[in-house]
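Please open the model in your viewer and keep the sequence panel beside it, since each stop on this tour begins with a selection.

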Amino acid sequence: MDKIVIEGGSSLRGKVLISGAKNAALPLICATILAPGKNILTNVPRLGDVRTVLKLLAIIGAEVDLEWPRVVVDTSELDNPVAPYELVKTMRAAILVLGPLVARYGHAKVSLPGGCAIGARPINLHLKALEAMGATIEIKRGYVEVTCDRLRGARIDFPVATVGGTENVMMAASLALGVTHIHNAAREPEIEDLANMLNAMGAKVEGAGTSTIVITGVDSLHAVEHRVIPDRIEAGTFMIGAALNQGEVELQGVNPSHLTSVIDHLRRAGVTIETRTDSILVRGPSKITPFEIVTEPHPGFPTDMQAQFMVLALAAHGKSIITESIFENRFMHVPELVRMGAQIDVQSRAAHLLGPAFLEGTTVMATDLRASASLILAGLIAEGTTQVLRVYHLDRGYENIVDKLQGLGARISRVPSELF
Ligand code: EPZ
């Protein structure tokens, strides 16, 4: 397993092009199951999780042609509506093939995703919704089997705004008989991107981006070409990097309207942010103001930015509080940051941080995707050398992050495992 080595103290300066969104590309690729023919996706990020879901589509019978960042998924002939454990265990978003497979084939067999580092992350709401649409659900030997000749439109009331649950229902309902209403739908930009592609395929999805989505089922959908939206979490991660050590970075190829809450919180911390149509200029202040954050469903503060903002809090002058309300175990980066010298006191879902922290470079362990990004950011402000192990977590969600950071002046390198 490779490691990443960072020398602390450098400021990030220059321009960086942000890649397509992982959390948009995954459902978009699954949605191609609904539309027989050559589906072309552009601005696809070259990531571990994207490769995994494309492998899954190939197992299901699609023809996949990779010319990164352009991907062609030909779903004319799918013949195997099964998502095996070996793939699903590495990437829980594989559950997003469930809705499309049942909608197109009337049957699907998907391995239950199993545990995840950041929380139990059950799929009960996905299954309950499909059941409300007339599907029969059977769980045996670690797999969920869903059967239904033709799904029917239904009223779905989600008790929590689930991104994956909303996406699965949108895709399933696109080919159902009748109208489906989703209440308390997730409102993330990735939901809107999926709705835009489904509508281009011939679906009738209204209200995406609001908490009520109405889908009128149609009999068939057709293949399309679609560009994946920019990755707002990659963008937010680089914005934190720019804010540290008084950096100055222009992010290109972004959509500032996807980052309203992140921009608002950075400005409150004293960071200068200038936005244009598809770029954001970030200037780090000499003194970062401490802050309080609670993670919420979009348009609230994104849980996927919580670990990265902890590093900003450690560079701030005073006490900050960060509360994680979405996932029950998303503070695994805390013990690693404490090993670097951070003062962080976790009380239930709230982390109390004291800055400015004098962090010392050392060897730390990545535990999940966004935690690994926060450890790299911590390495930027630590004194000396920080080595981050298990960087395969990082490869799942950040395209060429070492090259991009090097391009901004970070003293960072990736050491292949055979060298140590
Ligand atoms: C998506 O996960 C994202 N992943 C996550 O990003 C993100 O953190 C999360 O949404 C929240 O924004 C992708 O889009 C591929 P949820 P998802 O269903 O859909 C509970 C990253 O770092 N819940 O919105 O799995 C669940 O336990 C990843 O890029 C149920 O109880 O998240 C959680 O507490 C990490 N039952 C809450 O809802 C269900 O059936 C929100 O989860 C489904 C969810």
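Which residue takes a positive phi just after helix 4? Select G106: this glycine follows directly on helix 4 and has a phi of about 80°. Bear in mind throughout that the model is a predicted one.

Now extend the selection back over helix 4, residues 98–105, which is mostly covered, with six of its eight residues buried. Colour L98, G99, P100, L101, V102 and A103, which are the buried ones, and then show what surrounds them: they pack against helix 1, helix 2 (48–60) and helix 5 (124–132), as well as helix 6 (163–174), strand 7 (107–111) and strand 9 (143–147).

L98 also leads into the largest nonpolar core, a set of 78 residues in which V97, L98, M133, L151, M170 and L198 touch the most other members. The largest share of this core, seven residues, is contributed by helix 1 (residues 22–31). In soluble globular proteins, nonpolar side chains tend to be buried together. Centre next on M170, whose contacts beyond four places in sequence are I182, I191, L194, A195, L198, V205, I213 and I215. A separate core of 69 residues can be found by selecting L266, V364, V388 and L405, which are among its members.

For the next stop, display the ligand together with the 23 residues that surround it, of which N124, L125, T162, V163 and D304 are the closest. Three distances are worth drawing here. One runs from a ligand oxygen atom to an N or O atom in the side chain of D304, at 2.6 Å; another joins a ligand oxygen atom to an N or O atom in the side chain of T162, at 2.7 Å; and at G164 the partner is a polar backbone atom, 2.8 Å from an oxygen atom of the ligand.

Move on to the open sheet, in which four strands follow the order 2-15-17-16 with mixed pairing. Its edges are strand 2 (13–17) and strand 16 (272–276), each of which pairs on one side only, and the twist from one strand to the next averages 15°. Strand 16 runs antiparallel to strand 17 (residues 279–283), the two being paired over five bridges, and if you label R276 you will find S279 of strand 17 opposite. Two helices lie across these strands. Helix 8 (residues 232–243) crosses strands 2, 15, 16 and 17 and runs at about 165° to strand 15 (248–252), whereas helix 9 (residues 260–268) lies across strand 16 and strand 17, at about 150° to strand 16.

The last stops concern the backbone. Most residues other than glycine have a negative phi, and most peptide bonds are trans. Select W68 and P69, which are joined by a cis peptide bond with omega of about 5°; P69 sits in the loop between strand 4 (63–67) and strand 5 (70–74). A cis bond also joins H298 and P299, with omega of about 10°, and P299 belongs to the loop between strand 18 (292–294) and helix 10 (306–315).

Finally, compare two asparagines. N43, in the loop between strand 3 (38–42) and helix 2, has a positive phi near 60°, and N184, in the loop between strand 11 (179–183) and helix 7 (189–200), has a positive phi of about 60°. Is N43 buried or exposed? N43 counts as buried because its relative accessible area is 14%, under the 20% limit, whereas N184, at 32%, is partly exposed.

Note on methods. Residues are numbered from 1 along each chain as its sequence is written. This is a predicted model: local features need pLDDT of at least 70, side-chain atom pairs count only at pLDDT 80 or more; totals for chains, interfaces and linings use all residues. Side-chain values use heavy atoms; hydrogens and water are left out. Two strands pair if DSSP finds at least two bridges between them. Axes are lines fitted to C-alpha atoms, for helices over the stretch in contact, and angles run from 0 to 180 degrees between N-to-C directions. Contact means heavy atoms within 4.5 Å. A nonpolar core is a set of buried Ala, Val, Leu, Ile, Met, Phe, Trp, Tyr and Cys residues joined through side-chain atoms within 4.5 Å. Buried means under 20% relative accessible area, exposed over 50%, partly exposed in between (1.4 Å probe, protein chains only). A residue is near a molecule or strand if one of its heavy atoms lies within 4 Å of it. A polar contact is a pair of N or O atoms within 3.5 Å; within protein, one must be able to donate a hydrogen and the other to accept it, and residues adjacent in sequence count only if both atoms are side-chain atoms.
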